[in-house]
Amino acid sequence: MLNQNENRIKSAVLRFVLLTFASFLIAFNLKAFINNGELVPGGFSGIAVLAQRIAATYFGFALPYTVIYIPLNLVSFYLGFRYIGKKFTVYSLYVIVLSSLLTDIIPSIPITYDVLLIAIFGAITNGTAMCICLAAGACSGGTDFISIYYSEKKGVDAWNYIFFGNVVILVIAGLLFGFDKALYSIIYQFTQTQLLNTMNKRYQKHTLWVITDKPDEVYEIIHKLTNHGATLFKGTGFYKHKEQNIVYSVIGSEEVPAILKAIEEIDENAFVNVQKTDQVNGNFYQRPKE
């Protein structure tokens with residue numbers, strides 16, 4: 001019992017360290033890249049940045065980032081608390097509040113004035129922060145909640161849809177402040193989206209075809225580690241003209257390494273074909289968020 005409590009405390013401390021670091025990266029990106037490059041990041045963050053620039057350019061006063069960004073997240077906070085997970089939403093609120101405060105506190109930090117470099121490395125910085133948040137059981141707020149909600153309900157990767165929604169914000173920014181920075185902002189958004197698609201595996205899926213002499217054991221491992229089902233096919237191998245067992249299953253991409261290792265331990269002679277799966281219709285178990 002004592003060891004379990006110690007592990008929980010260590011896990012909680014690590015989670016808050018990661019989320020604090022991610023919050024700093026988000027704020028650093030806004031002050032070192034976004035503001036200096038006059039880019040618009042998209043999403044609720046983009047709306048907040050755009051509102052700040054409109055207030056400064058057309059009305060002559062500085063509007064704090066926190067005053068805009070936190071109220072914008074109230075609807076998303078409700079959506080997350082109601083449909084995604086209570087702990088997940090509370091941890092996300094921590095990131096939203098801390099990153100907003102840090103954005104108002106951290107001074108402008110010009111690293112480079114090359115707008116293309118700003119777009120690329122700003123996207124990498126913010127995309128990394130978002131991936132850290134997701135790995136720690138949270139998100140950076142805003143449209144991330146909407147994307148995760150859609151992904152949980154529909155079982156598809158929704159980051160690309162969010163990207164196209166952000167284009168609307170960038171068009172408005174282009175009309176107000178010039179399309180050169182808006183076009184660079186699209187490069188920023190595209191780079192960030194591709195980074196998320198590469199690093200975040202939760203909503204990606206792979207199909208397993210396992211030829212094995214121990215189909216029952218293979219199925220038990222798949223079910224135990226992923227809670228997914230499987231289908232058993234019978235086939236005949238052309239080389240030895242021997243009847244073969246083929247176990248078919250669709251699992252989450254993040255679960256593939258553990259499954260392959262477990263199958264190898266059960267049947268070292270098993271032949272496994274792993275295929276990327278673009279879409280699944282029907283009952284597919286998605287591990288719920290806390």
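This is a short conversation about how some labels in this predicted model are earned.

User: Let's start with the sheet. What makes strand 2 and strand 4 the edge strands?

Analyst: The open sheet has four strands in the order 2-3-1-4, with antiparallel pairing. Strand 2 and strand 4 each pair on one side only, and that is what earns them the name of edge strands.

User: How do you know that strand 1 pairs with strand 3?

Analyst: Two strands pair if there are at least two bridges between them. Strand 1 (residues 205-212) and strand 3 (residues 242-252) are joined by eight bridges and run antiparallel, so they meet the rule for pairing. As one example, Thr207 stands opposite Val250 in strand 3.

User: And what joins strand 1 to strand 4?

Analyst: Seven bridges do, and again the two strands run antiparallel. With at least two bridges required, strand 1 and strand 4 therefore count as paired. Here Val210 has Val272 as its bridge partner, and His206 stands opposite Lys276.

User: Why is strand 1 called mostly covered?

Analyst: A residue is buried when its relative accessible area is under 20%. In strand 1, six of the eight residues are buried, so "mostly covered" is a fair description.

User: Which helices lie against these strands?

Analyst: Helix 10 lies across strand 1, strand 2 and strand 3, and runs at about 5° to strand 3. Helix 11 (residues 256-266) packs on the sheet as well, where it touches strand 1, strand 3 and strand 4. The direction of helix 11 makes about 170° with that of strand 4.

User: Now the rings. How many aromatic pairs are there in the whole structure?

Analyst: A search finds 10. One of them is formed by Tyr58 and Phe177.

User: Why is the pair of Tyr58 and Phe177 called tilted?

Analyst: There are two steps. The centres must lie within 6.5 Å for the rings to pair, and here the value is 6.1 Å. Planes under 30 degrees apart would be stacked and over 60 edge-to-face; these planes are at 50°, so the word that remains is tilted.

User: What makes you say that this pair links distant parts of the chain?

Analyst: Tyr58 belongs to helix 2 (residues 43-59) and Phe177 to helix 8 (residues 159-177), 119 residues apart. Tyr58 has 46% relative accessibility and Phe177 has 31%. Partly exposed covers the range between 20% and 50%, so both residues get that label.

User: Why is the pair of Trp209 and Tyr248 also tilted?

Analyst: The ring centres of Trp209 and Tyr248 are 4.8 Å apart and the planes are at 50°, so this pair fits the tilted class too. Trp209 lies in strand 1 and Tyr248 in strand 3, 39 residues apart. Trp209 is partly exposed at 29%, and Tyr248 is partly exposed at 27%.

User: How do you know that the charge of Lys86 sits over a ring?

Analyst: The distance has to be within 6 Å of the ring centre. The charged end of Lys86 is 5.4 Å from the centre of the Phe81 ring, so that part of the test is passed, and Lys86 is listed as sitting over the ring.

User: Why is Asn73 called buried?

Analyst: Its relative accessible area is 3%. The limit is under 20%, so Asn73 is buried. Asn73 lies in the loop between helix 3 (65-72) and helix 4 (74-84). Leaving aside its neighbours within four places in sequence, Asn73 is in contact with Phe44, Ile96, Gly141 and Gly142.

User: What makes the link between Tyr69 and Asn73 a polar contact?

Analyst: The backbone oxygen of Tyr69 lies 2.8 Å from a polar atom of the Asn73 side chain. A polar contact has to be within 3.5 Å, so the distance fits.

User: Last one: what is notable about the phi of Glu38?

Analyst: Glu38 has a positive phi of about 55° although it is not a glycine. Glu38 is found in the loop between helix 1 (2-37) and helix 2, and at 47% it counts as partly exposed. Asn227, with a positive phi of about 70°, is not a glycine either. Asn227 lies in the loop between helix 10 (215-226) and strand 2 (231-237), and is partly exposed at 36%.

Conventions. Residues are numbered from 1 along each chain as its sequence is written. This is a predicted model: local features need pLDDT of at least 70, side-chain atom pairs count only at pLDDT 80 or more; totals for chains, interfaces and linings use all residues. Side-chain values use heavy atoms; hydrogens and water are left out. Buried means under 20% relative accessible area, exposed over 50%, partly exposed in between (1.4 Å probe, protein chains only). Rings of Phe, Tyr and Trp (its six-membered ring) pair if their centres lie within 6.5 Å; planes under 30 degrees apart count as stacked, over 60 as edge-to-face and the rest as tilted. A charge sits over a ring if NZ of Lys or CZ of Arg is within 6 Å of the ring centre and within 35 degrees of the ring normal. A polar contact is a pair of N or O atoms within 3.5 Å; within protein, one must be able to donate a hydrogen and the other to accept it, and residues adjacent in sequence count only if both atoms are side-chain atoms. Contact means heavy atoms within 4.5 Å. Axes are lines fitted to C-alpha atoms, for helices over the stretch in contact, and angles run from 0 to 180 degrees between N-to-C directions.
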